[in-house]
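Q: Please take a close look at one part of this structure: the place where its domains meet. What builds that contact?

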Amino acid sequence: MFASLEKIMGSSAEKLGNNKVLIAIRDGFLVSTPLIIVASIFLVIANFPIPGYVDFLAQFFGQGWPSKMDAVIDSTFSVLGLLGAFGIGYAYARQLENDPVAGGAVALVCFLILTPKVHSDFVNAANGKAFNGFALAHLGSAGMFLAMITAIISVKIFVTVKNKGWVIKMPDGVPPAVTQSFAALIPSAFAMFFFFVVYLVFSATEYQYAHNFIYKILQAPLMGFGQSLIFEPIYQFLSTLFWFFGINGPAVTNTVFNPIHLALTAENLEAFKQGATLPNIFTGPFGDFFGNFGGGGSTLSLVFLMVFFGKSERMKKLGRLAIVPGIFGINEMIIFGLPVVLNPLIVIPFILTPLVNTILATIATLVGLIPYTTGAALPWTTPFFFSGWLATGSIVAGLFQIVLIIIGMGIYYPFFRVIDKQYLHEEHQAANSLSDELDELSLDDLSFDDL
């Protein structure tokens, strides 16, 4: 059975892992990840979850000092679509073995061609003219899915035209930068003209802009799925299942789920900044900090059992080696050292524990025991307790993480005991075998004459 599943899962993972479009989307969003983390640090500083914190610092920095942090926060979170367009365009052009910078640039421009520039709902009372320019609302989370689609199509057009040789060729001796610039001229023109036509087509419809069409037809339904109670459990189940077969689960599933997670997280952040009700439970931080502790399969619970309750030397030593990396969310030592991969003795708790964590955390959020995550994108290596506290602004969420780890220990315990006894038995057998060999060794026949 495991051989058949391994073949199916391995084949699926290979197809997803080799799909250039999905790789580009995954890698393209990684371009903005360090920027999001830095901006999240500013967000946490401005809203640190300690009573009286803002008033205390106001003595030194003046009243309203948290609003000054928006210069960094808005310059990152409010342009996620813009960053996504360039990042995905860059990554996709690189996948197609073409000029990545030109790919990112043409994707960015094509995205802006489709973006609304006149806003009739906002009129200057003094002169009666509508606001003219780009609005952050279209460049942020609401434009992310359009940015993805635009980047892929525009780069595909750009590369196809360029590969056909429809380029301006410069004579020998011209600097490479100039040659590359002119080589990108005609392919860029094809891509930009295509999206100009798309812009004209949408302007003649009831949607007016591609943003409105994509949001209503594609993004809203996908985010609706992300808001359903089955979204996060499905994500956790698939990610863990891939890990069981030795495949990096999130690396596969994030190609599909990460754009939805990111959009839901950005919505929560926007609501949090405005002081409105947070709309989404299943954000990126929720999955990172309440589904798994210590990596895929929430193996930190298992590591604690190995350290404090293990009887075999193999369990105790492996647990001691794995506990520090596990606290920071790194568990390859357990995945491949215990091992977890294709180990039928551990598959049930390995898959079940993240699901139980997710379901219990969802219930706790719905009943108000822990708050919704604010949208702050903390590093995934943030240790438990601190991650729950900072992601929600509530110390109760950090304590709840500890409860989940203890529950996970209870789920893992009976299976851990079976494996530990097996390893202990193997160690005793090895020790007895060595003892028998020593007992059979005789020095009676040893003679100095033989030397």
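A: In this predicted model, the domain assignment splits the protein chain in two. Domain 1 covers 1-121 + 130-227, and domain 2 covers 271-437. Their C-alpha centres are 34 Å apart. The contact draws 17 residues from domain 1 and 15 residues from domain 2.

Next, the area. Interface size is often expressed as the accessible area lost when the parts come together. Here domain 1 and domain 2 bury about 1300 Å² between them. Carbon and sulfur atoms account for 73% of that area.

Now the polar side. Between domain 1 and domain 2 there is 1 salt bridge. Asp 74 pairs with Lys 273 in a salt bridge, with the closest N and O atoms 2.2 Å apart. The polar contacts across the interface amount to 2 residue pairs, both at pLDDT 80 or more.

Which elements give two or more residues to the side of domain 1 that touches domain 2? They are α1 (2-18), α3 (33-46), α5 (70-77) and α12 (210-227). On this side α3 gives the most, with 5 residues. By residue class, the side of domain 1 that touches domain 2 has 10 nonpolar, 5 polar and 2 charged residues.

α12 also has a backbone detail in the loop that leads from α11 (185-203) to α12. Gln 208 sits in that loop. Its phi is near 70°, a positive value in a residue other than glycine.

Beyond the interface, the whole structure holds 5 salt bridges. One of them joins Asp 27 and Arg 94, whose closest N and O atoms are 4.0 Å apart. Asp 27 belongs to helix α2 (residues 20-30) and Arg 94 to helix α6 (residues 80-95), so this pair ties together parts 67 residues apart in sequence.

Helix α9 offers a check on geometry. It runs over residues 144-163, 20 residues in total. At 1.5 Å a residue it should span 28 Å, and because its end C-alpha atoms are 28 Å apart, the two values agree. Gly 165 follows α9 and has a positive phi, near 85°.

A last backbone feature falls within the bounds of domain 2. Leu 338 and Pro 339 are joined by a cis peptide bond, with omega about -5°. Pro 339 is in the loop between α18 (332-337) and α19 (347-366).

To return to the contact: the buried area is 73% on carbon and sulfur atoms, and the salt bridge count between the domains is 1.

Technical notes:
Residues numbered from 1 in each chain as written. Predicted model: local features only at pLDDT ≥ 70, side-chain atom pairs only at ≥ 80, totals over all residues. Heavy atoms only, no water. Domains from an automatic or database assignment. Contact = heavy atoms within 4.5 Å. Buried area = accessible area lost by both parts, 1.4 Å probe. Salt bridge = Lys/Arg side-chain N within 4 Å of Asp/Glu carboxyl O. Polar contact = N/O pair within 3.5 Å; in protein donor to acceptor, adjacent residues only side chain to side chain. Helix = DSSP H or I, 4+ residues; strand = E, 2+ residues; numbered from the N terminus. Nonpolar A, V, L, I, M, F, W, Y, C, P; charged D, E, K, R; others polar. Expected span 1.5 Å × (residues − 1).
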